[in-house]
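These are my notebook entries on a structure I opened today. I went through it by topic and wrote down what I looked up.

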Amino acid sequence: MTAAVFLELRNVFKTFGNFQALRGIDWDVREGEIHCLVGENGCGKSTLIKAVSGVHAPDAGGEMRIAGQEILSFDPMRARALGIQVVFQDLALFPNLSVAENIAFDANLGRGFSPKAAIRRKARETLDRLGHDLPLDLPVDSLSIAERQIVAIARGLAGSARLIFMDEPTASLTRAEVRRLLDLVRKLSAAGIAVVFVSHRLDEVSAIAERITVMRDGRMVGTYPAYALDQRTLIHLMTGIEIASHHVARDCTSRDVVLETRHLSRRGEYDDVSLCLHEGEVLGLTGLLGAGRTELALSLFGMTKPDSGALIVHGQERRFRNNQDALAAGLAYVSEDRLNLGINAEQSIVDNLDIAVLPGLANRFGLISDASRTQLARDWVARLNIKLSSVEDAINTLSGGNQQRVILARWLASHPKILILDSPTVGVDIKNKEGIYALIRELSDQGVGILVISDEMIELFATCDRILHMRNGRIAGDYNPSLITEQALEERIYA
Amino acid sequence: MPDLSSLRNRPEFWLACVIAIFIVALSLATPNFLSISNFVDLTESYAVQAIMATGLFVVLIAGGIDISFAATASVAQYVAALLATRFGLSPVLVIPAGLIVGTLLGFINATLVHYARVNSIIITIATMNVYFALLMYATGGHSIYNLPEWWSDRITFLQFETAGGDLVRITLPIIVMIASLGLCWVLLNRSKTGRQLYAMGGNAEAARRIGLNISRLQFFAYGFAGFMAALAGLVQANRVGEAVPNALYGTELSVLSAAVLGGASLLGGVGTIGGITLGILMLAIIQNGLNLLDISPYCFEIITGAIILASTSLTALSVRSRTRSRLVEEAPNV
């Protein structure tokens, strides 16, 4: 027997500026079901969640029904009053408030006043329902990520949820924690609470879902019963392409070592890291979020100082005082969070592109002409095939993929011998991902040693000659992608 | 109830220890320091700053900052004094009018902070200048000396003689200060609005997503700061018996340093009323001690500046080291 429909969307659109994030969504979620929502980064999953939880109002014209009731105006308070709760990827908790206060935040206790005893009772009761125990009076920022997640789920439950969205809830959990979370989801569902689970870890999706909805480019590809999909079909539905054949890993170990670390450590970040990057080699660095990958990269690029160990660049031991030293030694680093750290969104493409190489453009008086800057930008735009109308436009007028190419060009303009790419295709759609992979391979053919930090298996297997696995700040494994499968490596990372 | 180890993690605990050390040291150095009459005098002379501090504190909790409170206090005080002297209005009208002026000036801050989305420190430094310069321009800097008796008379609630023969008076400023601290405590710890202010200060984005009315909270916080500033302005005129337009100007930093000294975070969401009370007490003791020891008043300004620098840098450093150590803690164990 099929349960009644709880949430129903018809023809829902959402536009930001001139970007259509949702394009005519028709979708429904049944009472008490476990429903997975899958799709590539940027396909509109998060926007959809924000639209049905009242954070973003959808464009006029669409229809939304909750428990059969037509919804006209919508805000987060009202969404929660109707039983829709969201556990956001960043959890959106209040780190300075206690566990109890976070859980009972919108349970609506007291009128104008917030009675402590009632708050603690409500929090205790809710945690009991989840079968978990947490110290009620500790501030949330003293908990682990997994514990914070329990708090976020409990907050949803305390607000009498009938439908809970979980946005990428497993991204930073271990296997054991994921298993506990999935049990919890089943428990919620058994209690009649629908759960929409967003994940791109396909094995989880198939383990738990009753129905799977696939999104692509702001549209619904379709909703399928879970048993009807295998992983290959899912990927095909999500990306619209057949997975490119694997790049054949090359053995570069006989070539010159361009970058080497020996027992490199920095307290609290990474520990006893020894690695070698050879000329023209693409070395992958993977592991869970917080395993120390980015922290290691920051030290390699001179932005933090290791406590001990040696860093050897082109056979010479180096102690970088700052990233200018690293740049001068032939390193370049494209950061993971380029939207916040990498680009000056309002400034022009030229300004963004030549910032790292300005000294090289100066004439003998130390001055820089606009013509030389524009020329440099045009050269790189042509070489990297960046689609734009004018290099004088602000960089934020470009798509994510093209922005990423501009940032790549910025660093390539310094002609690095060693390139560190931190999550190079986050926020880039699949078509452009393939282009960036090709670029990585091309650069390595030219002899650049490249370190690719990533947790996407497809990405690692499409580019890398060797993959290092980092766990708890240490190198836990060294794999040849020709000798291990994506699934097997993923198993080890999340084990 | 908090045990000793959790107590040791709180800035209030350390501040109380430092205060105790100061009290012992000062009472050994100067015989007058540790007397009830000196303590009560000290409290009275800091009451006005304490009342302003409660308003500032609420804004700090909400994740903002207000530098304009002393200017607001001066404007509200002067407007009320004008109504009382030139128009001879009764206290029933004058007091609410002064408080409303302060609240409105706070609303102007809130409007600019919320809608222009400019950093609140910039906005309120600018409004501080505008409010204060407008006041000086409109008044020509003239003080109002002929306040009506109901306002300028000293109001004593309790009076007694100590064993040493000193006369001790518990006056209006002290009572208003205690009431303000109490009100602020109830507001922040027991009212829903108060907990929402903590929440907004702790994680503004989460507050927005959970659907808190951010603009209402901003208006509440800055309006409350304006209200408290006006109250402080009215009390200050009672204490000195006149309305002097620039009497409070320049107290911004010492009030702010009292707040951060008491553990209020300039990042928002962290701090307690108990802490801020101790912070004011600490500053009062330092200043009084310097007076009794006959040390230049500029030393006090150096100290307030240094306190702000030290506590903000320490906060920043401890946040950084905490995120660093958390990376390890959260790295999943195998």
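Which residues does A:Met166 touch, not counting residues up to four places away in sequence? I noted first that this is a predicted model. In it I found that A:Met166 touches A:Val87, A:Val195, A:Phe197 and A:Val198.

**Entry 1: surroundings of A:Met166.** I located A:Met166 in strand β7 of chain A, which covers residues 163–167. I then asked whether A:Met166 counts as buried or exposed. The count of C-beta neighbours inside 10 Å is 27, and 20 or more suffice for the term, so I entered A:Met166 as buried. I also looked up A:Leu37, which lies 129 residues from A:Met166 in sequence. The C-alpha atoms of A:Met166 and A:Leu37 are 9.7 Å apart in space.

**Entry 2: helices α4 and α5 of chain A.** I looked up how helix α4 (residues 116–130) of chain A packs with helix α5 (residues 145–158) of chain A. The angle is about 105 degrees, and the axes are 9 Å apart. Because angles of 65 to 115 degrees count as roughly perpendicular, I described α4(A) as roughly perpendicular to α5(A). From α4(A), I listed A:Lys122, A:Thr126, A:Leu127, A:Arg129 and A:Leu130 as making the contact. From α5(A), I listed A:Ile150, A:Ile153, A:Ala154, A:Leu157 and A:Ala158. By class, I recorded seven nonpolar, one polar and two charged residues in this contact.

**Entry 3: domains of chain A.** The domain assignment divides chain A into domain 1 (5–239) and domain 2 (257–494). I noted that the centres of domain 1 and domain 2 of chain A, taken over C-alpha atoms, are separated by 34 Å.

**Entry 4: chain A against chain B.** How many residues of chain A are in contact with chain B? I found 31 residues of chain A in contact with 23 residues of chain B. Helix α2 (residues 76–81) of chain A supplies three residues, the largest share of the side of chain A that touches chain B. That side of chain A divides into 14 nonpolar, twelve polar and five charged residues.

**Entry 5: annotated stretches of chain B.** I consulted UniProt, where an unreviewed entry lists "transmembrane region" for several stretches of chain B, including residues 46–73 and 93–116. In the model, residues 46–73 of chain B are 75% helix and 0% strand, and I noted end C-alpha atoms 15 Å apart. For residues 93–116 of chain B, I recorded 100% helix and 0% strand, with the end C-alpha atoms 34 Å apart.

Technical notes:
Residues are numbered from 1 along each chain as its sequence is written. Chains are lettered from A and ligands numbered from 1 in the order in which they are written. This is a predicted model: local features need pLDDT of at least 70, side-chain atom pairs count only at pLDDT 80 or more; totals for chains, interfaces and linings use all residues. Two residues are in contact if their C-beta atoms, placed from the backbone, lie within 7 Å. Helices (H or I, at least four residues) and strands (E, at least two) are DSSP runs, numbered from the N terminus. Ala, Val, Leu, Ile, Met, Phe, Trp, Tyr, Cys and Pro count as nonpolar, Asp, Glu, Lys and Arg as charged, and the others, Gly among them, as polar. UniProt positions are given in the numbering used here, feature names are shortened, and annotations may be inferred rather than shown by experiment. Axes are lines fitted to C-alpha atoms, for helices over the stretch in contact, and angles run from 0 to 180 degrees between N-to-C directions. Angles under 35 degrees count as roughly parallel, over 145 as roughly antiparallel, 65 to 115 as roughly perpendicular and the rest as oblique. Domain bounds come from an automatic or database domain assignment. A residue is buried if 20 or more other C-beta atoms lie within 10 Å of its own, exposed if 12 or fewer, and partly exposed in between; C-beta atoms are placed from the backbone.
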